[in-house]
Amino acid sequence: MELFDTATVLARVLTTGVVMSIEKSDRELPGLERLLTKQTRRARAVLVNSRTAAIHAALAGQGIGHGDTAAVPEPDAATARFLGWLGVGTEDRGPAAYDYVSLDSTNADRLGELTRGATAPALVVDLTGLGFGPAAAVLTDDDRLWARAERLKIFGAYDLRTMWTQEEADASLVPGVQFNYRLSPLVAACVRMALTQAARPATPTGARS
C-alpha cells in the first residue's frame, strides 16, 4: 500500500477519535472481520494483535490448554516455544487443531485460494507480513470456539457487549488466565485497505501498440 493511502487511512481513523478496540462506535475492526469472513467463507472472525495470540485463541477456543496435547501444522521453533510456555504438547497424529496461513504482499490477493482446503475447526491467518505491525485473525464456523476466543483477548472478564454493564453473559467462558490480545483499529484499518487493494484487478498502464 502506498504511503499516501496509509496516511489517508490513518487520518480517517484518528479523525473519528476512536483508537481503542473497546469503543462502541468503532467501525474498523468489524469492517476487517467482514472482509476476512467473506474471503475465507467462515462465519466468525476474532482479530488479535499477534500470530501467537491467534494460535492461543484457536486452541483455547477448543478448550485446549495446559496439560493437553494438540496436532498443529508444522510448528516452527518460535511456535514450539510458545506452545511450551502454554503447557500444550504437540503430537503428529490426529486432525490438526487449526490450519495456518501467513499473508504478505506477494499472496494477499490469494487468501480465498490459500484457505479453500482448510478443514480444521479454526483457521489462523497471520496478517503481520502486510507491514502494519503484528496482527492476526482466527476464523471459524464454530460459535462456541468463537465466543471463547473473543473472551481470551479482552482480559476475560466480559465481552465487548457486556463490559459496559459488567453483567456477566456466560460465566463458563471466562478463562483462568487473562490476556490483552486486542487489535488496534488503526492497524485493522490499514490491514483492511491492504487486503482490499490486493483483491482488485491490476489496472493496465500505458497505451497499447
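Helices and strands here are runs assigned by DSSP, with at least four residues for a helix and at least two for a strand, and they are numbered from the N terminus. With that in hand, the predicted model can be walked through piece by piece.

A handy place to start is Arg-41, which sits in the loop between helix H2 (28–40) and strand S1 (44–48). Its backbone does something worth a look: phi of Arg-41 is near 60°, a positive value in a residue that isn't glycine. As for its surroundings, Arg-41 is exposed, with a relative accessible area of 75%. That label follows because anything over 50% counts as exposed.

Next comes a pair of helices. Helix H3 (residues 51–60) packs against helix H4 (residues 77–86) at an angle of about 50°, and their axes are 11 Å apart. That angle makes H3 oblique to H4, since it falls outside the ranges for roughly parallel (under 35 degrees), roughly perpendicular (65 to 115) and roughly antiparallel (over 145). The crossing of H3 past H4 is right-handed. On the H3 side, the contact is made by Arg-51, Thr-52, Ile-55, His-56 and Leu-59, while H4 brings in Ala-78, Thr-79, Phe-82, Leu-83 and Leu-86. Sorted by character, the residues of this contact come out as six nonpolar, three polar and one charged. The spacing along each helix fits a simple rule: an α-helix has 3.6 residues a turn, so residues three or four places apart point the same way.

How much of H3 is covered? Most of it: eight of its 10 residues are buried. The buried residues of H3 are Arg-51, Ala-53, Ala-54, Ile-55, His-56, Ala-57, Ala-58 and Leu-59. Among them, Arg-51, Ile-55, His-56 and Leu-59 also take part in the contact with H4.

The strands tell their own story, with S5 (residues 122–129) as the link. Strand S5 is mostly covered too, with six of its eight residues buried. On one side, S5 pairs with strand S4 (residues 98–104) in the parallel sense, over six bridges. Here Tyr-100 stands opposite Val-124 in S5. S5 also pairs with strand S6 (residues 136–140), this time in the antiparallel sense and over five bridges. Val-124 turns up again in this second pairing, where its bridge partner in S6 is Val-138. Between S5 and S6 lies a hairpin with six residues between the strands, and in it Gly-131 takes a positive phi near 95°.

Note on methods:
Residues numbered from 1 in each chain as written. Predicted model: local features only at pLDDT ≥ 70, side-chain atom pairs only at ≥ 80, totals over all residues. Heavy atoms only, no water. Axes fitted to C-alpha atoms, helices over the stretch in contact; angles between N-to-C directions. Left-handed = near helix turned anticlockwise from the far one by under 90°. Contact = heavy atoms within 4.5 Å. Nonpolar A, V, L, I, M, F, W, Y, C, P; charged D, E, K, R; others polar. Buried < 20%, exposed > 50% of the residue type's maximum accessible area, 1.4 Å probe, protein only. Pairing = 2+ DSSP bridges.
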